[in-house]
Amino acid sequence: MKTWNLMTNDNRMLRRLCLLLCLCVLVLPLVSCYREEGEAVAEVYFLDVGQGDCIFLKLPEGGTLLIDGGEADMFEDGLSRFLKGELLDKIDYALVTHYHADHVGGIMELLKENRIKTLLLPDYTPENKTK
């Protein structure tokens, strides 16, 4: 598994890639109105994982991206159930926005099961540690 720190100067290109991906997610609904019949589109899922956030994307080329993972105690009923229903064993990219427990819990569970290929992390500071 690869892990990158998005906030170091060495990873400017990776930050730009993540920004571009986020912009694509925001613009995709507008562009999809003009797609050809039968053309593949990205699928975006907002999962119920308790108080935290969890967004899952299936990209047209077949790749997957998970943004945050919700709370660990909601993993079995939320994220894990969704992934089983989608018949997904591994996630290509997982992005942690910050280190609060209601955002990283599910991702930590996936890491325990070795189900994430590439993990994207923000800088760690005492102010953004898991609460």
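How much area does the protein expose, and what share of it do carbon and sulfur atoms supply? The protein exposes about 8,300 Å², and carbon and sulfur atoms supply 57% of it; accessible areas come from the Shrake-Rupley method with a 1.4 Å probe, and for residues only the protein chains shown count as cover. This is a predicted model, in which local features need pLDDT of at least 70 and side-chain atom pairs count only at pLDDT 80 or more, while totals for chains, interfaces and linings use all residues. Residues are numbered from 1 along each chain as its sequence is written, and side-chain values use heavy atoms, with hydrogens and water left out.

**Overall fold**

- The protein has three helices and six strands, taken as DSSP runs numbered from the N terminus (helices H or I, at least four residues; strands E, at least two).
- From the N terminus, the order of elements is β-α-β-β-β-α-β-α-β.
- Of the contacts (heavy atoms within 4.5 Å) between residues at least 6 apart in sequence, 62% join residues at least 24 apart.
- Of the 131 residues, 37% are buried (under 20% relative accessible area; exposed is over 50%, partly exposed in between; 1.4 Å probe, protein chains only).

**Nonpolar cores**

- The largest nonpolar core (buried Ala, Val, Leu, Ile, Met, Phe, Trp, Tyr and Cys residues joined through side-chain atoms within 4.5 Å) has 20 residues, of which Phe56, Leu66, Leu79, Leu83 and Leu110 touch the most other members.
- Two or more residues of this core come from each of α2 (76-85), β5 (91-95), α3 (101-112) and β6 (116-121).
- Another core, of six residues, lies apart from it and includes Cys18, Leu65, Ile67 and Leu95.
- Beyond its neighbours within four places in sequence, Leu79 contacts Leu47, Val49, Cys54, Leu66, Gly69, Met74, Gly106 and Leu110.

**Strands β2 to β4**

- Strands β2 and β3 pair antiparallel over four bridges (pairing requires at least two DSSP bridges), with Glu43 opposite Lys58 of β3.
- Strand β3 is also joined to β4 (residues 64-67) by four bridges, again antiparallel, and Lys58 stands opposite Thr64 of β4.
- Five residues lie between the strands of the β3-β4 hairpin, where Gly62 takes a positive phi near 105°.

**Aromatic pairs**

- The structure holds three aromatic pairs (ring centres of Phe, Tyr and Trp, its six-membered ring, within 6.5 Å; planes under 30 degrees apart are stacked, over 60 edge-to-face, the rest tilted).
- Tyr45 and Phe56 form a tilted pair, 6.4 Å centre to centre with 45° between the planes.
- This pair links β2 (residues 43-46), which holds Tyr45, to β3 (residues 55-58), which holds Phe56, eleven residues apart.
- Tyr45 is partly exposed because its relative accessibility is 23%, whereas Phe56, at 0%, is buried.
- Ring pairs link Tyr45, Phe56 and Phe82 into a cluster.
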